[in-house]
Amino acid sequence: MKGSSSVGNHLLKQQNMIMILMLFWFTKLGMVLGHNHVLGVQPLSKIAIHKTLLALDNMAAIAAAPTLLGISGEDTAWVTVKVLNPMPSNDDWVGVFSPAKFDSGNCAPAPDSIGWQETPYICQAPIKYKFANHDNSNYLKTGAAVLKFQLINQREDFSFALFSGGLSLPKLVAVSKNVRFFNPKAPVYPRLALGKSWDEMTVTWTSGYDHRDAIPFVEYVSNGGEVRRAPAGTLTFNRNSMCGEPARTVGWRDPGFIHTSFLKNLWPNLRFACIQLSYSTFSFKAPPFPGQNSLQRVIIFGDMGKAERDGSNEYADYQPGSLNTTDRLIEDLANYDIVFHIGDMPYANGYISQWDQFTAQVQEISARVPYMIASGNHERDWPNTGSFYDTPDSGGECGVPAETMYYYPAENKAKFWYKADYGMFRFCIADSEHDWREGTEQYKFIEHCLATVDRKQQPWLIFAAHRPLGYSSNSWYGMEGSFEEPMGRESLQKLWQKYKVDIAFYGHVHNYERVCPIYQNQCVNEEKTHYSGTVNGTIHVVVGGGGSHLSDFVASPPVWSIYRDRDFGFGKLTAFNHSYLMFEYKKSSDGLVYDYFTIHRDYRDVLACVHDGCEKITSAT
Ligand SMILES: [Fe+2]
């Protein structure tokens, strides 16, 4: 016994040690250091950039300063843009282009366009835009405007262009000189994820260096002097990997190189301090051992989207709660251990630049806790490409950017389902954009994930998918009368019941809703807040209010709906031990708890037989 306590003390000391992790780059060259708005429409898609006409005006001017950004290694910088236009109009706008030199060689004239004999055609969408009169109320009188843009390091230089003619028939009036970051290729936007086993984590980041230019790896050093080095793999994708427009055309932008390093043999709950080039110090904690009894806190939400901090109303209206949710989660970083963002991430919809903007927006979170994702319709769906829904919601991305930009422990990243063990939790993450029904490959995975967890050690069994496969009283499901995605729970409810899934989470519907413990449309429990005893139904929770424009409920809630909130927010699970779980719903606006429930129970309550939830027994004694 004495021996084991001394080993325990040694482990504690190890856990208290500060580990320094650095991402080094070793290269062959050496060390490298108030307009119309339609809800839910990607703002960049409102610009008919391929119809641009030349209207260059020597009397007009656009100038940006400073022209060299990130001198101290910053990956974000503000640029002031001054506009002077002798013929101002209220629909004049300024687009930010990157690369600075417009792509003018790869777009064919649109059949309905007029004046296509003029060149150059602009074949790339800007990465963002503002109307010239934004914060410049005298623009129409004076023709002068000052605009502030926030840029992130996206591997290429930038230019600012003034257009007249509005978004639908742009006329190019003036172009600024180029602006660039000091090291445009710098490694940026670290994102952590759980690996395939409990003692493994991954670090993924983006850079402008291919594996032929540089050898990416992660090196981490303990205070005791042990140096470990983990190599990183390098991936990218190209225009031909896209399935359709705009991803293959005006929305295309080179995504750079995506590197993932696997940190193996990590001590449970060990905290690391990390320094990355071009990034301030950050730290993360290794996952707990499966079944380990320690405080474990999980954030879960969907549909957050992205928004711009430089005041562009167009962007803010697209996903109006996105920055609030991001900021609440950044403020609260000390109080949770892992995040699940269950689909619909940037809503890039084929405008590939927006993936950089999204990874930059969440980097404060993803550099400190595992940022686990699921696939949504805006990541995957595209007609005739095997997505279960034949919609064009991904804008031609057909899953490629999502599957490359983030790591998740799927066997095949194109089949976006995986299991994740985190201490007393098991998560079975499904992919609602691929067929989940009985007989499919995914159904087999879901059953295997649910069946292979030892509930005495990992009592908290969580199912999640992007679309509500269980229950939601969102208005469009209400109109169908089903309160689910068509065929959503038909096959799955018997698995949830048989394997006694505690909670099923969904996004897609942009609001919050909590359902009673339920089986086959019937609440199995009259309790509303403090659940205990036998597990005889699954609690379904919609947490799709991460940031995108909100969804309506049917007017009168179904009997199974316990709490509904048409607002932005996210969910938090806290496992205190093997017998006590708490769920909280927090609003993004103030971070306060507006709904919660608890589950108190013991192992025998999971084993207890309930309807359709037990294996056959014999009458022998
Ligand atoms: Fe969705």
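1. On the face of helix α9 turned away from its buried residues, Lys444 and His448 are exposed. This note concerns a predicted model, and α9, which spans residues 441-451, is a convenient place to begin, with Gln442, Tyr443, Phe445, Ile446, Cys449 and Leu450 as its buried residues. These buried residues lie on the same side of α9, because the arc they cover around the axis is only 160 degrees.

2. What do the buried residues of α9 pack against? Their partners are the strands β23 (418-422), β24 (425-429) and β25 (460-465), together with the helix α11 (488-498). One of the buried residues of α9, Cys449, also takes part in a covalent link to β24, as the next point sets out.

3. Cysteine 449 is joined by a disulfide to cysteine 428, with an S to S distance of 2.0 Å. The link ties together distant parts of the chain, since cysteine 428 belongs to strand β24 and cysteine 449 to helix α9, and the two are 21 residues apart. About the S-S bond the value is -90 degrees, and the link is left-handed. Cysteine 428 has a relative accessible area of 1% and is therefore buried, and cysteine 449, at 1% relative accessibility, likewise counts as buried.

4. How many disulfides does the structure hold? There are three, and one of them is formed by cysteine 243 and cysteine 398, whose sulfur atoms are 2.1 Å apart. This pair, too, connects distant parts of the chain: cysteine 243 sits in the loop between β16 (227-235) and β17 (257-263), whereas cysteine 398 sits in the loop between α7 (377-380) and α8 (400-405), at a separation of 155 residues. The torsion about its S-S bond is about 85 degrees, so this disulfide is right-handed. The two ends differ in their exposure: cysteine 243, at 33% relative accessibility, counts as partly exposed, while cysteine 398, at 7%, counts as buried.

5. A further disulfide is that of cysteine 516 and cysteine 523, with the sulfur atoms 2.1 Å apart. Here the torsion about the S-S bond is about -90 degrees, so the link is left-handed. Cysteine 516 is buried at 2% relative accessibility, whereas cysteine 523, with a relative accessible area of 34%, is partly exposed.

6. Turning to the sheets, seven strands form an open sheet in the order β22-β21-β20-β32-β33-β34-β29, and the pairing within it is mixed. Its edge strands are β22 (371-373) and β29 (530-532), each of which pairs on one side only. Between neighbouring strands of this sheet the average turn is 20 degrees, with direction ignored.

7. Within that order, how do strand β20 and strand β32 pair, parallel or antiparallel? Strand β20 (residues 296-301) and strand β32 (residues 569-577) are paired in the antiparallel sense, over five bridges. As an individual example, isoleucine 300 has glycine 571 in β32 as its bridge partner.

8. Helix α4, residues 322-331, lies across β20, β32 and β33 (580-587), and runs at about 25 degrees to β32. The three strands that α4 crosses also follow one another in the order of the open sheet described above.

9. Leucine 581, a residue of strand β33, is worth inspecting individually. With a relative accessible area of 1%, leucine 581 is buried. Neighbours within four places in sequence being left aside, leucine 581 is in contact with Phe425, Trp460, Ile503, Leu573, Thr574, Ala575, Phe597, Thr598 and Ile599. Its C-alpha atom and that of glutamine 296 are separated by 9.7 Å, although the two residues are 285 residues apart along the chain.

10. As for the chain as a whole, the protein chain contains 12 helices and 34 strands. Of its 621 residues, 60% are buried. The protein chain exposes about 24300 Å², and carbon and sulfur atoms supply 55% of that area.

Technical notes: Residues numbered from 1 in each chain as written. Predicted model: local features only at pLDDT ≥ 70, side-chain atom pairs only at ≥ 80, totals over all residues. Heavy atoms only, no water. Pairing = 2+ DSSP bridges. Helix = DSSP H or I, 4+ residues; strand = E, 2+ residues; numbered from the N terminus. Axes fitted to C-alpha atoms, helices over the stretch in contact; angles between N-to-C directions. Contact = heavy atoms within 4.5 Å. Buried < 20%, exposed > 50% of the residue type's maximum accessible area, 1.4 Å probe, protein only. Arc of directions from axis to C-beta. Areas by Shrake-Rupley, 256 points an atom, 1.4 Å probe, with all protein chains shown as cover. Disulfide = S-S within 2.5 Å.
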